[in-house]
Structures are given as C-alpha cells and as structure tokens.
Amino acid sequence: YLDAGADILETNTFNATTISQQEYGMQALAREINREAAAIARACADEVTERDPSRPRFVAGVLGPTSRTASISPDVEDPSARNVHFDELVVAYREAAEGLVEGGADILLIETVFDTLNAKAAVYAVMEMFDEVPESRRPIMLSGTITDRSGRTLSGQTPEAFWNSLAHAEPLLVGLNCALGAEELRPFLAELSRASD
C-alpha cells in the first residue's frame, strides 16, 4: 500500500479487542495484538519515509466495531436484551487504544461503525485516555458503515445523524466504508460531506 502511494497505513486490528478476541479464547492478548500490529505498521511506514523524508507516512491504529452491538438486541423475542454494555465496550476500547499508541500509531481510526453507541464508547475510551495520559493524544478518524441502499447504519442512522452523534470527537476526518461499493456510497458520502465540517 505504501509503495502504491498510500500516506496512511492501517493496522490489522479490526477485531483486536477483548470482546472480539474472547470468541477465540485470546482476550488476554488483545493489548499485545494491538501493540505489535502498530509496531509492524510503524516499521513499514518508517522504512518508506526513510526512502523519501519529504513525504512522511503515517500509521492509523484501527479500533473496529467489535463482534457485539450495544444498541440492538441479539434476541428477537426480547428487544431489551443486550450482549454487551457501554462500560464493557469502554474498557475493551481503552485497552486496545493503549496498545495501538504503545506500538506507535499516529492516528486512531474508529471504523466500520454500524452501531453508533459502540463508536461512542470508543470515543469515550480514547478521550479518557487522552485526558489521563496527555502524551497519548492523537488525531481521531471516524468511518461509518451504510449497510444497504436505504442509506442507514445497522442501528438506523442516516449519515447526517451519524455525524451529529459523533461530531463531539472533533475527528481529523470522517468517512464511510464497507457494505456498499463506491458508486452506491457516493450519494451517502455527499450527504455526510454536507453535514460535517
């Protein structure tokens, strides 16, 4: 990706939270997975930057959506049921973010947001880390997911509502990824562009 011209390299940490890794019995390794993934990406970015110091390359540490959703019931018989709660998400995201920062991530990317409550937990965890450890402060990037042609996230938000729910994070950038192809995403990106600053 760097040789092809990318300026930002993402870590391969989409599911590297204690919540998602629990499915594999690897939750105790979540922080290490994040740290090592960021260190690998950092080494690659630094190597390419060294070849052309006039064009620095950056590492975006990925905080993915987890394998659970805080807003939607996993039980059609009980709409109030939840398989994860906000506070659990905050703990998981905080640990992952700490690992990414330790490994050398320049940016924290909260991505593939299909449930804005999960993303709010990630933002809360990251902001809490920034407040408690000021040297950990990094720019934040956000990327939502429109799940079908209705133009809504899985938890039902339009791109404008998605932006308004997360604008307080003051992200470096906001975008959309996953689910639909580029042509299908274009009108929703335009809507997001009109709504965001």
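These are my notebook entries on a predicted model of one protein.

**Entry 1: the overall layout**

I started with the fold as a whole. I counted 6 helices and 5 strands. Reading from the N terminus, I get the order β-α-α-β-α-β-α-β-α-β-α. Along the principal axes, the C-alpha atoms fill a box of roughly 55 × 40 × 30 Å.

Next I checked the radius of gyration. For 197 residues, a compact globule would come out near 16 Å, and the protein has 17 Å, so the two agree. I also looked up burial, and 46% of the 197 residues count as buried. Then I turned to contacts between residues at least 6 apart in sequence. Of these, 73% join residues at least 24 apart.

**Entry 2: helix H3**

I spent some time on H3, which covers residues 86-103. What span should its 18 residues have? At 1.5 Å a residue I expect 26 Å, and the end C-alpha atoms are 26 Å apart, so the helix agrees with the rule.

I then listed the buried residues of H3. Among them are Leu 89, Val 90, Ala 92, Tyr 93, Ala 96, Ala 97, Leu 100 and Val 101. Arg 94 and Glu 98 are on the buried list too, as are Gly 99 and Gly 103. A reminder to myself: an α-helix has 3.6 residues a turn, so residues three or four places apart point the same way.

Which elements do the buried residues of H3 pack against? I found three helices' worth of partners to note down, H1 (18-21), H2 (30-51) and H4 (116-132), together with strands E2 (58-63) and E3 (107-113). Just after H3, Gly 104 takes a positive phi of about 110°.

**Entry 3: Arg 94**

I wanted a closer look at one charged residue of H3, and picked Arg 94. Is Arg 94 buried or exposed? Its relative accessibility is 13%, and the cut-off for buried is under 20%, so Arg 94 counts as buried. Leaving aside neighbours within four places in sequence, Arg 94 is in contact with Ala 125, Glu 128, Met 129, Glu 132 and Val 133.

**Entry 4: the cavity**

I looked for internal holes next. The structure holds 1 cavity of 30 Å³ or more, and the volume of the largest cavity is about 40 Å³. Its lining is made up of Leu 63, Gly 64, Pro 65, Tyr 93, Ile 110, Glu 111, Val 113, Phe 114, Asp 115, Asn 118 and Ala 119. E3 and H4 are the elements that give two or more residues to this lining. E3 gives the most, with 3 residues. By class, I wrote down 7 nonpolar, 2 polar and 2 charged residues for the lining. Tyr 93, which I had already noted as buried in H3, is one of the lining residues.

**Entry 5: Leu 2 and Pro 56**

I went back to the start of the chain for Leu 2, which sits in the segment before strand E1 (8-10). Leu 2 has a relative accessible area of 8%, so it is buried. Not counting residues up to four places away in sequence, Leu 2 touches Leu 9, Cys 44, Ala 45, Val 48 and Arg 57. I also took a distance to Val 84: this residue is 82 places from Leu 2 in sequence, and the C-alpha atoms are 36 Å apart.

Pro 56 is in the loop between H2 and E2. At 38% relative accessible area, Pro 56 is partly exposed. Apart from neighbours within four places in sequence, Pro 56 is in contact with Asp 7 and Thr 49. Pro 56 and Asp 7 are 49 residues apart along the chain, yet their C-alpha atoms are separated by 7.3 Å.

**Entry 6: positive phi outside glycine**

I closed the day with two backbone angles. Thr 112 has a phi near 55°, a positive value in a residue other than glycine. Thr 112 is found in strand E3 and is buried, with a relative accessible area of 7%.

Glu 170 also has a positive phi, near 50°, and is again a residue other than glycine. Where does Glu 170 lie? I placed Glu 170 in the loop between helix H5 (159-166) and strand E5 (173-176). With a relative accessible area of 67%, Glu 170 is exposed.

Definitions and conventions
Residues numbered from 1 in each chain as written. Predicted model: local features only at pLDDT ≥ 70, side-chain atom pairs only at ≥ 80, totals over all residues. Heavy atoms only, no water. Helix = DSSP H or I, 4+ residues; strand = E, 2+ residues; numbered from the N terminus. Expected span 1.5 Å × (residues − 1). Buried < 20%, exposed > 50% of the residue type's maximum accessible area, 1.4 Å probe, protein only. Contact = heavy atoms within 4.5 Å. 1 Å grid on protein atoms, 1.4 Å probe; cavity = no way out; pocket = protein on both sides within 12 Å on 5 of 7 lines; lining within 4 Å. Points joined across faces, edges and corners; volume = space filled by probe spheres on them. Rg over C-alpha atoms; globule rule 2.2 N^0.38 Å.
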